[in-house]
Amino acid sequence: MIKYLVTNITMTTNSCISILMRPKQNNRLSFNAGQYIALSFKNGNKITPVRCFSVVNSENADGTITICARMAGEYTHFLSTLRTDDIAYIDGPFGSFTPNFQLNSPLILIAGGIGVTPMVSILSKLASLDNQPQTTLLYFNSHNNDVPFIDEINKMKLSCPWLKVNIIAGTSENNEMQISQGRFDKSWAQYSKKNGGNNGRYYICGPAGFMSSVEKLLIDQSISPDNIFTESFTSGVKLFKNNHKMLKVSLTIACIAVTISVISFAVINKQNTNNTKTNSSTQNTTTTTTINNSSNYVAPTTSVS
Amino acid sequence: MKIRSQQSKHVLGSEAFITIVDEISTDEMFKILWNKIDSFEKRFSRFDINSELSFVNINAGKPIKISSEFLKLIKTSIKYSLLTNGLFNPFILPTLQKVGYKTSWPSPDDKTFNLLDMSNKKQCEIKDIKIDGLNLTIPKDSALDFGGIGKGYLIDQLSSILIKHSYRDFWISLGGDIVCSGFDLDNKRWKINIANANHNDENATSIFSKEDGSILAIATSGITKRKGEGWHHIIDPRINQSANTDLLTATILADSATKADVYAKNIIIVGSQESLALAKKNNLKIWLQKNNNKCIEYLQYNWSPND
């Protein structure tokens with residue numbers, strides 16, 4: 001684990017909090033755009049449980065790392081109590097939700113809600129390169145008045161000729177930001193195919209239901225599962241330790257990237273009759289199995305290695 | 001209420017198990033641990049042409065800039081090679097391949113097989129390694145392999161991650177190597193079974209984790225797996241061949257899995273006669289299964305099932 005210091009805490013939207021951290025010492029995390037980290041904080045004499053977050057920025061010279069969380073539970077409310085110079089412990093980086101930046105084939109980035117965080121990291125990295133593939137961002141949100149990073153994305157859209165941006169919201173009120181209304185459906189799948197073609201690389205990040213729906217619609221457009229890459233996250237319930245008592249902490253939806261439960265992963269995978277590349281440690285030639293307090297529990301046995 | 005969560009997966013050529021008992025959800029902790037294992041395998045597998053280890057081996061003789069993770073493991077290897085007077089040697093790969101242990105999971109295709117074949121190289125000594133900062137040079141015509149230490153080293157790392165994240169009650173198993181800490185449900189001590197050398201689905205004996213819940217590391221090595229006609233995978237670097245041993249398995253208790261892993265193989269190499277002296281010298285607790293006219297004879301030193 002590498003120690004970082006909280007440097008800045010800002011509300012990105014009414015519901016999203018961004019935390020900027022800098023390395024405490026010379027040691028710093030090296031990561032690729034689109035990867036995620038495991039993060040915990042010093043909280044008095046204790047360390048908070050670890051949570052995974054996608055890094056929002058791309059790697060930079062000063063080694064800073066920004067994460068963004070949607071405020072939806074006690075854990076993320078705890079984040080809002082952080083102060084400058086609080087200590088953060090970072091493990092990682094994890095995941096392979098990183099496009100090959102050497103390739104010229106089109107990139108289609110499809111984000112649901114706070115699943116946009118790795119996309120912002122990927123776009124930042126692309127913007128720093130000399131040559132970029134044609135890139136399309138489709139960014140879906142529940143409400144048009146709560147769209148994290150909308151300003152940053154719109155700025156990029158204006159300054160980057162290689163980037164097309166479509167921001168779409170399920171509900172649309174007081175629409176001053178040119179946000180389309182709707183959800184990812186067949187017409188957006190056709191639009192994706194039109195921009196990405198058969199050789200395009202399709203990156204999807206968002207809630208599990210959103211991702212499985214997008215994948216299915218893309219595959220219906222004859223897009224090869226080999227060209228579809230996903231990064232998933234779930235909301236969940238987590239408990240803080242405190243002198244062996246439990247404090248319930250309901251976790252944020254969204255920003256907490258990649259907390260895929262093994263079982264739900266297996267179910268999702270089973271439902272997908274394809275070989276979509278899912279960025280998860282649980283993906284391997286052998287499925288990870290989970291047993292909880294079950295009679296199927298396997299006792300520790302040492303045999304010849 | 002405490003919950004016991006267990007996950008398993010086939011990694012590093014063996015079945016790995018992670019079990020955590022805690023009051024809080026452990027999903028993310030599991031994810032971190034599996035990621036750690038996956039990245040370790042990608043970095044240190046000798047069967048993966050894209051691993052950092054393969055890159056070092058293919059470029060033997062040239063200074064190679066290595067990762068800090070690689071440096072840590074090479075330094076740990078040097079330490080144990082010196083402590084064991086060379087009985088642990090990370091340069092045995094050419095010998096290992098010469099005797100017959102070339103392929104593993106999954107079998108490499110013909111093209112990569114040739115690149116991964118180090119059997120025409122030589123076995124060197126640890127003093128031949130040159131380290132300058134992050135630059136590593138191994139002798140030309142040599143090849144590294146961390147098979148004698150890697151699982152133990154990794155399991156210590158995983159255990160350390162759990163402790164740092166305030167998890168106290170867990171056990172982790174990678175093949176024959178196990179680390180356990182704290183207690184099972186209802187504050188019961190963990191019971192660790194030791195498999196019969198010839199029938200892995202039968203237990204020969206068992207031992208309990210420490211009464212005070214402190215970390216206990218166990219490793220078993222032996223000659224009954226990963227073998228072929230006239231060879232097995234425990235190489236005696238003194239003779240550049242599979243060890244000529246009277247032992248089928250050696251199970252070692254130690255304060256770290258790295259130490260247990262290394263010395264389990266060392267005990268196999270030296271055989272039952274010298275094992276006692278080795279155990280005394282290094283403060284090891286050992287339990288051995290010895291081949292005795294097709295029967296298994298059990299030997300032990302400093303060993304108590306309730307330790």
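These questions and answers concern helix packing and nonpolar cores in a predicted model. Local features need pLDDT of at least 70 and side-chain atom pairs count only at pLDDT 80 or more, while totals for chains, interfaces and linings use all residues. Residues are numbered from 1 along each chain as its sequence is written, and side-chain values use heavy atoms, with hydrogens and water left out.

Reader: At what angle do helices H1 and H6 of chain B pack, and why are they called roughly antiparallel or roughly parallel?
Author: Helices are DSSP runs of H or I with at least four residues, numbered from the N terminus, and here H1 spans residues 27–44 of chain B and H6 residues 150–164 of chain B. Their axes, lines fitted to C-alpha atoms over the stretch in contact, lie 11 Å apart at an angle of about 155 degrees. Because angles over 145 degrees count as roughly antiparallel, this angle makes H1(B) and H6(B) roughly antiparallel.

Reader: Which residues of H6(B) meet H1(B)?
Author: Contact means heavy atoms within 4.5 Å, and the H1(B) side supplies B:Met29, B:Ile32, B:Leu33, B:Lys36, B:Ile37 and B:Phe40. Their partners in H6(B) are B:Gly150, B:Tyr153, B:Leu154, B:Gln157, B:Leu158, B:Ile161 and B:Leu162.

Reader: Which helix gives the most to the largest nonpolar core?
Author: A nonpolar core is a set of buried (under 20% relative accessible area, 1.4 Å probe, protein chains only) Ala, Val, Leu, Ile, Met, Phe, Trp, Tyr and Cys residues joined through side-chain atoms within 4.5 Å. The largest has 76 residues, and B:Met29 and B:Ile37 are among those with the most contacts inside it. With 11 residues, the helix that gives the most to this core is H7 (residues 257–281) of chain B.

Conventions. Chains lettered and ligands numbered in written order. Axes fitted to C-alpha atoms, helices over the stretch in contact; angles between N-to-C directions. Helix = DSSP H or I, 4+ residues; strand = E, 2+ residues; numbered from the N terminus. Parallel < 35°, antiparallel > 145°, perpendicular 65-115°, else oblique. Buried < 20%, exposed > 50% of the residue type's maximum accessible area, 1.4 Å probe, protein only.
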